Amino acid sequence: QVQLVESGGGLVQPGGSLRLSCVVSGTFFSINAMGWYRQTPGKERELVGRITSGGSSNYADSVKGRFTISRDNAKNTVYLQMNSLKPEDTAVYYCTALVEGWDRSLRRYWGQGTQVTVSS
């Protein structure tokens, strides 16, 4: 069983920063791409950024230059550093990981989500 557990969400003022973390635990062969999505009520979940196992990353246009995604493969952890936060960044943030099982099958897993609220 594979689990993803996020942490680091909360309330922050506009212009502030937050760092989200997501730890992958369980039994598996390897973790391929990891990423972060976000969702607000009534809207579809949208990609924030993703990072490959080799460290290449890409971002949604709305967060480029403000957010940075990174990973620590030794700790099975992905991070999302969010700077210059805006009220429109308010959402539930979900981490995701593409995990390769010992049978070499690939499956996407999701965390439970962490609330980020940007408000004065």
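This report describes the nonpolar core, the strand pairing around E4, and the setting of arginine 108 in a predicted model.

**The core**

The largest nonpolar core comprises 30 residues, and those with the most contacts inside it are Trp36, Leu80, Met82 and Tyr93. At least two residues of this core come from each of several strands, including E1 (2–7), E3 (18–26), E4 (30–39) and E9 (91–100). E9 gives the largest share, 5 residues. Leucine 80, once neighbours within four places in sequence are left aside, touches residues among them Leu18, Leu20, Trp36, Val48, Phe67, Ile69 and Tyr93.

**Strand E4 and its partners**

Strand E4 is mostly covered, with 7 of its 10 residues buried. Its pairings are set out below.

| Strands | Sense | Bridges | Residues standing opposite |
|---|---|---|---|
| E4 and E9 | antiparallel | 8 bridges | tyrosine 37 and tyrosine 94 in E9 |
| E4 and E5 | antiparallel | 5 bridges | methionine 34 and isoleucine 51 in E5 |

The hairpin of E4 and E5 has 6 residues between the strands, and glycine 42 in this hairpin takes a positive phi near 85 degrees.

**Arginine 108**

Arginine 108 lies in strand E10, which spans residues 106–110. Because its relative accessible area is 40%, arginine 108 counts as partly exposed. Beyond its neighbours within four places in sequence, arginine 108 is in contact with Thr96, Ala97 and Leu98. Threonine 96 is 12 residues away from arginine 108 in sequence, and the C-alpha atoms of the two are 6.8 Å apart. The side chains of arginine 108 and threonine 96 make a polar contact at 3.0 Å.

How values were computed. Residues numbered from 1 in each chain as written. Predicted model: local features only at pLDDT ≥ 70, side-chain atom pairs only at ≥ 80, totals over all residues. Heavy atoms only, no water. Core = buried A, V, L, I, M, F, W, Y, C linked by side-chain atoms within 4.5 Å. Buried < 20%, exposed > 50% of the residue type's maximum accessible area, 1.4 Å probe, protein only. Helix = DSSP H or I, 4+ residues; strand = E, 2+ residues; numbered from the N terminus. Contact = heavy atoms within 4.5 Å. Polar contact = N/O pair within 3.5 Å; in protein donor to acceptor, adjacent residues only side chain to side chain. Pairing = 2+ DSSP bridges.
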